Amino acid sequence: DARNLMHQKKRKRIRHLLIVLLLCLVLGGGTGFIAHWTQSQYYLGESNGYVAIYQGVPTNIFGMSLSHEVSTSTVKVASLPESWQQQLSDGISAGSYQIAEEHIKTIENQAQSLKNQSTADDEGVTK
């Protein structure tokens, strides 16, 4: 009986060890998948007052950023309407770097249109 009891305890330890190993593999694989997925994402945000493209997702986990800046545009965030500024502070998602660049061009065009309209309005007032 003592021998059988020892054998059962050994089986339980092995079973528990296998469960722990399996959990570690699942968690490790899940973490790897999440890390890979986050680095395949892009978004627009603000960097030193300018619109920038970031790779990753606009969030932090345990104080660690899940993104990094990859390029900065010449568009000043302060020159944009409040709605654009708010969206940039939240992060504007883009499926790829190319899409992010297209979003910046759209923002640049709208900023330029607003600037031209403002200049035309100012000239109309001074005449």
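Two strands count as paired if DSSP finds at least two bridges between them. With that in hand, let's work through this predicted model in a few exercises.

**Exercise 1. Work out the order of the strands in the sheet, and find which strands lie at its edges.**

Step 1. Trace the pairings across the sheet. Four strands make an open sheet in the order β3-β2-β1-β4, and the pairing is antiparallel.

Step 2. Look for strands that pair on one side only. These are β3 and β4, the edge strands.

Step 3. Check how the strands sit against each other. Ignoring direction, neighbouring strands of this sheet are turned by 40° on average.

Step 4. Count bridges at both ends of the order. β2 and β3 are antiparallel and share eight bridges, while three bridges join the antiparallel strands β1 and β4. For a concrete example of each, Ala52 stands opposite Thr72 in β3, and Tyr42 has Ala94 in β4 as its bridge partner.

Step 5. Now visit the turn. The hairpin of β2 and β3 has two residues between its strands, and Phe62 there takes a positive phi near 55°.

**Exercise 2. Find the aromatic pairs and classify each one.**

Step 1. Start with the count: the structure holds two aromatic pairs.

Step 2. Take Tyr42 and Tyr97. Their ring centres are 5.8 Å apart and their planes meet at 75°, so with a cut-off of over 60 degrees the pair is edge-to-face.

Step 3. Place this pair in the fold. Because Tyr42 lies in strand β1 and Tyr97 in helix α3, the pair ties together parts that are 55 residues apart in sequence.

Step 4. Compare burial within the pair. Tyr42 has 18% relative accessibility and counts as buried, whereas Tyr97, at 30%, counts as partly exposed.

Step 5. Turn to Tyr43 and Tyr54. This pair is stacked, with 5.1 Å from centre to centre and 10° between the planes. Tyr43 belongs to strand β1 and Tyr54 to strand β2, eleven residues apart, and both are buried.

**Exercise 3. Describe the largest nonpolar core and the elements that build it.**

Step 1. Pick out the best-connected members. The core has 15 residues, and those touching the most other members are Leu44, Val51, Ile53, Leu80, Leu88, Ile92 and Ile107.

Step 2. Assign the core to elements. Two or more residues come from each of β1 (42–47), β2 (50–61), α2 (82–90), β4 (92–94) and α3 (97–126). The largest share, four residues, is from α3.

Step 3. Zoom in on Val51. Leaving out residues up to four places away in sequence, Val51 touches Gly45, Thr72, Ser73, Val75, Val77, Leu80, Leu88 and Ile104.

**Exercise 4. Decide whether Ser73 and Gln112 are buried, partly exposed or exposed, then describe their surroundings.**

Step 1. Apply the cut-off to Ser73, a residue of strand β3 (residues 64–76). Its relative accessibility is 12%, so Ser73 falls under the 20% limit and counts as buried.

Step 2. List what surrounds Ser73. Beyond its neighbours within four places in sequence, Ser73 is in contact with Tyr50, Val51 and Ile104. A polar atom of the Ser73 side chain also lies 3.1 Å from the backbone nitrogen of Val75.

Step 3. Move to Gln112 in helix α3. With a relative accessible area of 41%, Gln112 is partly exposed.

Step 4. Relate Gln112 to the β3 region through Val75. The two residues are 37 residues apart along the chain, and their C-alpha atoms are separated by 9.5 Å.

Terms used
Residues are numbered from 1 along each chain as its sequence is written. This is a predicted model: local features need pLDDT of at least 70, side-chain atom pairs count only at pLDDT 80 or more; totals for chains, interfaces and linings use all residues. Side-chain values use heavy atoms; hydrogens and water are left out. A nonpolar core is a set of buried Ala, Val, Leu, Ile, Met, Phe, Trp, Tyr and Cys residues joined through side-chain atoms within 4.5 Å. Buried means under 20% relative accessible area, exposed over 50%, partly exposed in between (1.4 Å probe, protein chains only). Contact means heavy atoms within 4.5 Å. A polar contact is a pair of N or O atoms within 3.5 Å; within protein, one must be able to donate a hydrogen and the other to accept it, and residues adjacent in sequence count only if both atoms are side-chain atoms. Axes are lines fitted to C-alpha atoms, for helices over the stretch in contact, and angles run from 0 to 180 degrees between N-to-C directions. Rings of Phe, Tyr and Trp (its six-membered ring) pair if their centres lie within 6.5 Å; planes under 30 degrees apart count as stacked, over 60 as edge-to-face and the rest as tilted.
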